[in-house]
Amino acid sequence: MRARVSWTLVLAAFLAFPPFQRERVEEMGFGQIFRIERMRVDPALTQALRSRWDTEASAFAFPWGHMIPSLENVSRIIGLRVYGRAVSGYTYPCYHDLAERLLDLPVERRSSLVPRVALQESLGLYEAGKNAGESEDEYLARLARVSQRELASEPGPQADLDLRRFLVLFLGRLMFATRGDAVHCRFLPLLEDLGEVGGYAWGAAFLTHQFDGLSASERQTSTSGFYPFLQVWAYLHLPALRRGDLTRPGFVPIARRWDSRRDTRHLVDQLERLQEVIDSYPYLDVVWQPYLGEGDEGQPWLVQARPYFGRSVWLHALNLVLPLNLFLTQRSLGLRQSVVEFPVRDRFRRPGRSFRGLHDTTDWRERAREQIENWERKGKGVDVTGEIASLRALLQSAVQDQEAAQRQTAELRSELERVRGTGAGGASSSRSAGGSPSLMEARLAGAVLRAEEAQRHLEERISSFKHLSRLFPNDAD
């Protein structure tokens, strides 16, 4: 599949770099990507998730409530930096002159696209096809060996040229890939000063691109871009889908721990089955907070990222400016979700996903100034009244969810006692051979434990909301 081939080509170019170049890539914050194993693509899972995407809310709308991939997900799953300057700047109707100057590659006069083959060959990736009988490791080693012959071995202008070409391939064909064979130059202006590249929040831009891709047509079944992110997100939050295997526990970033489980059924059959499983997914098996037991060992990028975690904030990737509506998830943290509202009246108006139609040079730092300022404040608003109203709404919702959780826990306990009583009365159907608990009894006992754990989480959230309310004594109930 194209996504896996792109990953192999980018990885081969990275491995072909001399040590000083790889150090530069590491300093830019991209190094963790190249430690992740080349995972099997799961287009059925991606398609099933896409079918649940609510474009207006920029969130998944599941039967149990909204769930939203977050900046913490990006930071922990793939190790990209989610802090720093917003990925914003100028977009141009044509990148011909810029591409010739910074990449020394031919670009059609009225085009913004670099031919993929020309870009690959500029990095020494001439024979990109896989040979018959060649293993994945042999294929990767051959590509890296051939590429190494064409790359500068010492720092200098040629090494800078190599690095820019690599970054355009990495960003345009892997992290921010779009449909089609050519590679867009939209991020090239941010790569002119290579010393500034690491100062941008590329992880936040990556999440913006993910949201935008999920809003594409459901009929689109091809997989492009860095697909492990959404796959591992599903493994962590929806484990009962059983689409991933935890093969390397303890590795960081978290994507290194997982492999995609092989499914030999036809794609249509896989998708149909996944849709059915999601429709009937047990609410108590949804993992809302998968990182509760996670430490920060070996992940220095998390320290500066933490102020952005848990924030509803505007995300930026040049002409893509989209909201991260985390409060929808906060409203979903009970067993069920009540009425959900999200702002649409003041929603940022942006052009379509395609760059076609942007016939003028656009300064997005000026056009999206308010949203840029929101990012620079890490999502902290200046409307205190609105913050208090939001806090009250969250507290009320959490109390309602706690009441629902208590009712459901009581019902589960009652049912468990009934099943146990039936077994004690000698009903053969409730006990298996040897007097061990029946399957139904074991499942109910597990459901009760999960319900009790959900209750504890809700109680902690309510306690936190009440503590925050005390900071506004004139407005507290």
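A cavity is a set of grid points where a 1.4 Å probe fits but cannot get out. In this predicted model, two cavities of 30 Å³ or more are present. The largest cavity holds about 60 Å³ of space.

Nine positions need naming for the lining of the largest cavity: V168, L171, G172, H184, C185, R186, F187, L188 and L191. Helix 8, spanning residues 157-175, contributes the most to this lining, with three residues. By class, six of the lining residues are nonpolar, two are polar and one is charged. R186 is the charged residue, because Arg counts as charged. G172 belongs to the lining and falls in the polar class, because Gly is counted there.

One lining residue, C185, also enters the analysis of cysteine pairing. The model contains zero disulfides. The sulfur of C94 has its closest cysteine sulfur in C185, at 9.1 Å. That distance is too far for a bond, because a disulfide requires the two sulfur atoms to lie within 2.5 Å. C185 is likewise in no disulfide, and its nearest cysteine sulfur is that of C94, 9.1 Å away.

The two cysteines also fall into separate accessibility classes. C94 is partly exposed, at 30% relative accessibility. C185 has a relative accessible area of 1%. C185 therefore counts as buried, the cut-off being under 20%. Thus C185 is a buried residue that lines the largest cavity and remains outside any disulfide.

Note on methods:
Residues numbered from 1 in each chain as written. Predicted model: local features only at pLDDT ≥ 70, side-chain atom pairs only at ≥ 80, totals over all residues. Heavy atoms only, no water. 1 Å grid on protein atoms, 1.4 Å probe; cavity = no way out; pocket = protein on both sides within 12 Å on 5 of 7 lines; lining within 4 Å. Points joined across faces, edges and corners; volume = space filled by probe spheres on them. Helix = DSSP H or I, 4+ residues; strand = E, 2+ residues; numbered from the N terminus. Buried < 20%, exposed > 50% of the residue type's maximum accessible area, 1.4 Å probe, protein only.
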